[in-house]
Amino acid sequence: MENNNLQPRDGFSSKLGIIAAAAGSAIGLGNIWKFPYITGRYGGAAFILFYLFCIAIIGLPVMLSEFLIGRRAQKNAIDSFKTLKPNSPWYLTGWLGFVAAVVILSFYGVVAGWTLHYVFLSIANKFVGNTPDQLGAMFGGLVGNPWLPIFWQVIFMGLTAGVILGGVKDGIERYTKILMPLLLVVILILDVRAVTLPGASAGLNFLFKPDFSKLTAEGMMSALGHAFFSLSLGMGTMITYGSYIGKKENLGETALQVTIADTAIALLAGIAIFPAVFAFGVEPGAGPSLVFITLPNVFNQMPGGYIFAIMFFLLLAVAALTSSVSILEVIVAYFTENLGWSRHKATWLATIAITAVGAFESLTNGTINFKLPLYKGGIMHMFGFFDWMIEMSDLLLPIGGLFISLFVGYVMLDKDVKDEVSDSGALSVPWYGLFKILTRYVAPVLIVVTFINMVFGIF
Ligand code: PHE
């Protein structure tokens with residue numbers, strides 16, 4: 001059945017449903033693919049500490065802010081701003097999120113496609129008997145191939161569209177509740193194997209012994225951007241999900257639980273990967289390939305590795321799916337509620353357009369490499385366009401987060417904010433004052449300082 005304006009908003013059926021869906025959005029490739037490789041690129045423990053600082057001081061209050069904006073307005077990300085502050089440019093924040101959603105989903109589908117290919121390689125038992133170098137070459141063979149990554153990307157994007165067309169409740173809630181805890185179990189088992197590898201301690205030192213001289217301005221920007229990326233913040237995902245949360249739920253508690261679950265999975269993924277990186281002589285700064293060339297070595301070195309490899313990549317693909325769905329939902333909610341498009345039309349048009357952009361990015365990973373002349377004689381190398389889009393998202397999300405934070409801190413009526421945070425006044429919230437300080441001053445200042453620092457290199 002079409003979900004259009006005449007029907008009540010689809011919602012989540014239970015408390016666990018909300019947490020499952022929001023955690024399902026947060027936990028994804030960001031935790032298991034992106035977090036380890038940027039940690040490797042920017043030097044390890046010091047980067048992680050700064051990342052955790054961003055999560056606690058900026059991420060958590062922004063998540064609560066997004067939830068309360070959505071629940072108050074009962075609208076999609078763009079219309080929420082129009083409802084809460086009519087006749088003002090604040091709705092542009094929602095548009096920024098719309099752009100970020102397109103940017104992110106385009107590369108997200110490509111990486112999720114690699115994951116599907118690795119499910120296939122695991123089932124076909126292709127890792128066994130290969131040296132670390134050969135496993136590296138196997139990944140290189142995938143991304144260097146023009147069509148194979150696009151084939152899997154198209155399948156993944158089709159699955160994403162399929163879940164969206166199933167509606168919010170049936171589509172998202174059902175899968176997440178069972179599969180995310182299972183993913184956690186598989187990662188824990190990988191952790192045990194990884195830390196008992198000969199030479200594992202170098203990886204643990206890399207993860208837990210901070211060397212602050214390695215933390216660069218670029219690394220700080222990346223940590224900030226990734227805090228938003230990993231928690232699905234700054235582009236209206238959690239605004240959209242907040243609009244589906246029932247009035248009786250406690251938003252602060254939900255935000256805290258999602259944040260803890262997301263951060264725990266990222267750290268546990270790091271513990272599975274870095275000991276292996278050092279044990280098998282993989283380059284920590286290998287970039288987006290890191291997980292794909294490291295973990296097959298671990299599977300080769302553990303009893304039941306065949307089964308664990310299949311389970312791991314399959315569950316990672318599912319985790320990616322519950323995230324990609326939440327990105328596409330931002331776009332579809334807007335098209336259906338604002339432009340009056342049918343859910344089918346909105347879903348398919350968005351999916352096709354974004355898949356096309358992503359396919360182009362995928363080709364720039366090895367197949368095509370032309371130079372694009374820019375205004376005033378600048379040149380943009382198409383090779384690396386994929387990485388460039390990832391960096392773009394690291395800039396767009398904190399900007400979105402800045403405006404969301406300011407909106408809750410200064411623009412929304414204090415009474416409305418209080419009402420949402422305290423669940424219609426049902427309980428008093430001792431930390432309300434702290435929340436206001438974080439949204440008004442701390443989060444905005446830290447975001448702006450990180451940007452200035454990146455441009456001028458102060459720290
Ligand atoms: N949080 C998701 C992940 O870590 C990605 C995501 C970003 C989802 C932004 C929604 C919005 O994989």
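In this predicted model, helix 10 has a length that can be checked against expectation: at 1.5 Å a residue its 14 residues should span 20 Å, and because its end C-alpha atoms are 20 Å apart, the two values agree. Helix 10 is mostly covered, twelve of its 14 residues being buried, and the buried positions include Gly219, Met220, Met221, Ser222 and Ala223 as well as His226, Phe228 and Phe229. Helix 10, which covers residues 217–230, is also one of the helices that each supply at least two residues of the shell around the ligand.

Helix 10 is followed by serine 232, which lies in the loop between helix 10 and helix 11 (237–242). The phi of serine 232 is near 60°, a positive value in a residue other than glycine. Serine 232 counts as buried because it has 30 C-beta neighbours inside 10 Å, where 20 or more suffice. A positive phi of about 60° is found also at glutamine 74, although that residue is not a glycine. Glutamine 74 sits in the loop between helix 3 (45–73) and helix 4 (77–84), and its setting is partly exposed, since 14 other C-beta atoms lie within 10 Å and the partly exposed class falls between 12 and 20.

Serine 232 reappears at the ligand, where, of the 15 surrounding residues, Gly28, Gly30, Ser232, Thr237 and Ser323 come nearest. The shell around the ligand is made up of six nonpolar and nine polar residues, with no charged residue among them. Besides helix 10, the helices that each supply at least two residues of this shell are helix 1 (15–26), helix 2 (29–41) and helix 14 (305–338).

Helix 14 also contributes to the interior of the protein. The largest nonpolar core has 151 residues, and those with the most contacts inside it are Met63 and Ala101; the largest share of this core, 19 residues, comes from helix 14. In soluble globular proteins, nonpolar side chains tend to be buried together. When neighbours within four places in sequence are left aside, alanine 101 is in contact with Met235, Ile327, Val330 and Ile331.

Helix 16 has 27 residues and reaches 37 Å from its first C-alpha to its last, which is close to the 39 Å expected at 1.5 Å a residue. Helix 16 is mostly covered, with 19 of its 27 residues buried. Isoleucine 404 lies in helix 16 (residues 385–411), and it is classed as buried because 32 other C-beta atoms lie within 10 Å. Apart from neighbours within four places in sequence, isoleucine 404 is in contact with Val62, Ser65, Glu66, Thr93 and Gly234. Isoleucine 404 and methionine 235 are separated by 169 residues in sequence, whereas their C-alpha atoms are 9.2 Å apart in space.

With regard to the overall architecture, the protein chain has 18 helices and two strands. Its radius of gyration is 21 Å, close to the 23 Å that the globule rule gives for 459 residues, so the chain is as compact as a globular protein of that length. Along its principal axes the C-alpha trace spans about 60 × 55 × 50 Å, and buried residues make up 54% of the 459 residues in the chain. Among contacts with a separation of 6 or more, 84% are accounted for by residues 24 or more positions apart.

How values were computed: Residues numbered from 1 in each chain as written. Predicted model: local features only at pLDDT ≥ 70, side-chain atom pairs only at ≥ 80, totals over all residues. Helix = DSSP H or I, 4+ residues; strand = E, 2+ residues; numbered from the N terminus. Contact = placed C-beta atoms within 7 Å. Near = placed C-beta within 6 Å. Nonpolar A, V, L, I, M, F, W, Y, C, P; charged D, E, K, R; others polar. Expected span 1.5 Å × (residues − 1). Core = buried A, V, L, I, M, F, W, Y, C linked by C-beta atoms within 7 Å. Rg over C-alpha atoms; globule rule 2.2 N^0.38 Å.
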